[in-house]
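Dear colleague,

Please find below the sequence and structure I am handing over to you. My notes on what was found in it follow directly after.

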Amino acid sequence: MSCFFFYHQPHCEIPHRCPHTHYSGALVKLTFGGDGTYRNASTEWEDVAYEPATLEIGMKEADFSNKNLGAGGAIIVGAWMSHKDNGAMTNLNISANKLTRGKWTNALGNGDPNDNNNYETDMSGLLQMRRRTAANTAWYRCYCLS
Amino acid sequence: MSRVSGKALADALKQNNSLKELNLSNNNIYGDLDGPGFAEEFAIGVSDNGALTSLNLADNYLWAEGAKHVAEAIKDHVSALLFD
């Protein structure tokens with residue numbers, strides 16, 4: 001048998017990933033984030049670049065903790081979970097990412113990129129992620145704190 | 001990166017059916033300057049391209065505004081599947 005259609009079409013009654021499928025001509029991997037640096041106590045407070053995050057279709061677990069993803073990262077993760085994941089992801093750790101951190105304002109005038117007061121508060125990413133992940137019935141565990 | 005460069009890249013993507021991987025990491029797509037303009041145009045190109053499977057936008061400070069355009073590209077670039 002060989003047929004071609006979108007996974008989420010209603011006539012496919014398989015609740016999760018069909019074992020006999022492969023993807024054709026579509027984005028299956030997206031890397032984002034990795035913005036900025038942080039001071040690492042274990043390396044004598046040396047500035048260390050944040051690692052980017054990579055989303056791939058079919059991922060069951062993802063550890064995106066401490067990647068400085070901010071509000072933009074939450075928006076991208078939410079969109080991916082809604083339109084690409086198809087219920088595959090069961091464990092997502094997106095803690096310690098300042099998901100409500102918005103644009104840089106330097107409100108304190110000290111130029112410190114590690115001070116939250118130098119950024120706008122932006123709830124849009126977190127709200128979008130909440131809306132879009134609500135439809136994912138496969139969730140087992142999600143860490144979204146801080 | 002500006003809206004103009006985003007449009008140029010989008011036009012190239014629309015006409016290209018062989019590029020599978022694209023790495024745009026560390027290219028100063030700052031979301032609070034002209035980054036949203038770049039992201040908006042570029043996202044249209046990604047949506048219209050049927051071949052791209054891997055995209056790297058790391059280290060570009062997309063912020064929320066730029067990320068929203070990337071999210072739209074994800075939404076439109078629906079995963080087509082082959083069922084064997």
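**Chain B and its helices**

Read from the N terminus, chain B follows the element order α-β-α-β-α-β, which amounts to three helices and three strands. Please bear in mind throughout that this is a predicted model. Of the 84 residues of chain B, 49% are classed as buried. Among the contacts in chain B with a separation of 6 or more, 92% are made by residues 24 or more positions apart.

Helix α1(B) consists of 13 residues and covers 19 Å between its first and last C-alpha, close to the expected 18 Å. Its buried residues are B:G6, B:A10 and B:L13. Viewed down the helix axis, the buried residues of α1(B) fall within an arc of 60°, and they therefore line one face of the helix. The other side of α1(B) carries B:V4, B:A12 and B:Q15, which are exposed.

**The sheet shared by the two chains**

An open sheet of four strands, with mixed pairing, is built from both chains in the order β6(A)-β3(A)-β2(B)-β1(B). Its edges are formed by β6 (52–56) of chain A and β1 (21–23) of chain B, each of which pairs on one side only. On average, neighbouring strands in this sheet are turned by 10° against each other, direction ignored.

Within chain A, strand β3 (residues 29–33) runs antiparallel to β6(A), and five bridges join the two. One of the residues involved is A:K29, whose bridge partner in β6(A) is A:E56. Towards chain B, β3(A) pairs in the parallel sense with strand β2 (residues 54–56) over three bridges. Here A:K29 stands opposite B:S54 of β2(B). A:K29 thus has a partner in β6(A) and another opposite it in β2(B).

**A hairpin in chain A**

Strands β4 (residues 37–40) and β5 (residues 46–49) of chain A run antiparallel and are joined by four bridges. In this pair, A:Y38 lies opposite A:V48 of β5(A). Five residues separate the strands of the hairpin, and A:E44 adopts a positive phi near 55°.

**Helix α1(A) and the nonpolar core**

Helix α1 (residues 70–83) of chain A lies across β3 and β6 of chain A, and runs at about 165° to β3(A). The helix has 14 residues and reaches 20 Å from first to last C-alpha, close to the 20 Å expected. Because 13 of its 14 residues are buried, α1(A) is largely enclosed by the rest of the structure.

Which residues of the largest nonpolar core touch the most other members? Of the 42 residues in this core, they are A:I75, A:I76, A:W80, B:L62, B:A67 and B:V70. The elements that give two or more residues to the core are β3, β6 and α1 of chain A, together with α1 (3–15), α2 (35–48) and α3 (63–76) of chain B. The most is given by α1(A), with eight residues.

A:W80 deserves a separate entry. Setting aside neighbours within four places in sequence, A:W80 is in contact with A:L30, A:L55, A:D85 and B:I74. The contacts of A:W80 therefore take in residues of chain A and, with B:I74, of chain B.

With kind regards

Conventions:
Residues are numbered from 1 along each chain as its sequence is written. Chains are lettered from A and ligands numbered from 1 in the order in which they are written. This is a predicted model: local features need pLDDT of at least 70, side-chain atom pairs count only at pLDDT 80 or more; totals for chains, interfaces and linings use all residues. Two strands pair if DSSP finds at least two bridges between them. Axes are lines fitted to C-alpha atoms, for helices over the stretch in contact, and angles run from 0 to 180 degrees between N-to-C directions. Two residues are in contact if their C-beta atoms, placed from the backbone, lie within 7 Å. A nonpolar core is a set of buried Ala, Val, Leu, Ile, Met, Phe, Trp, Tyr and Cys residues joined through C-beta atoms within 7 Å. A residue is buried if 20 or more other C-beta atoms lie within 10 Å of its own, exposed if 12 or fewer, and partly exposed in between; C-beta atoms are placed from the backbone. The expected span of a helix is 1.5 Å times one less than its number of residues. The arc is that of the directions from the helix axis to the C-beta atoms.
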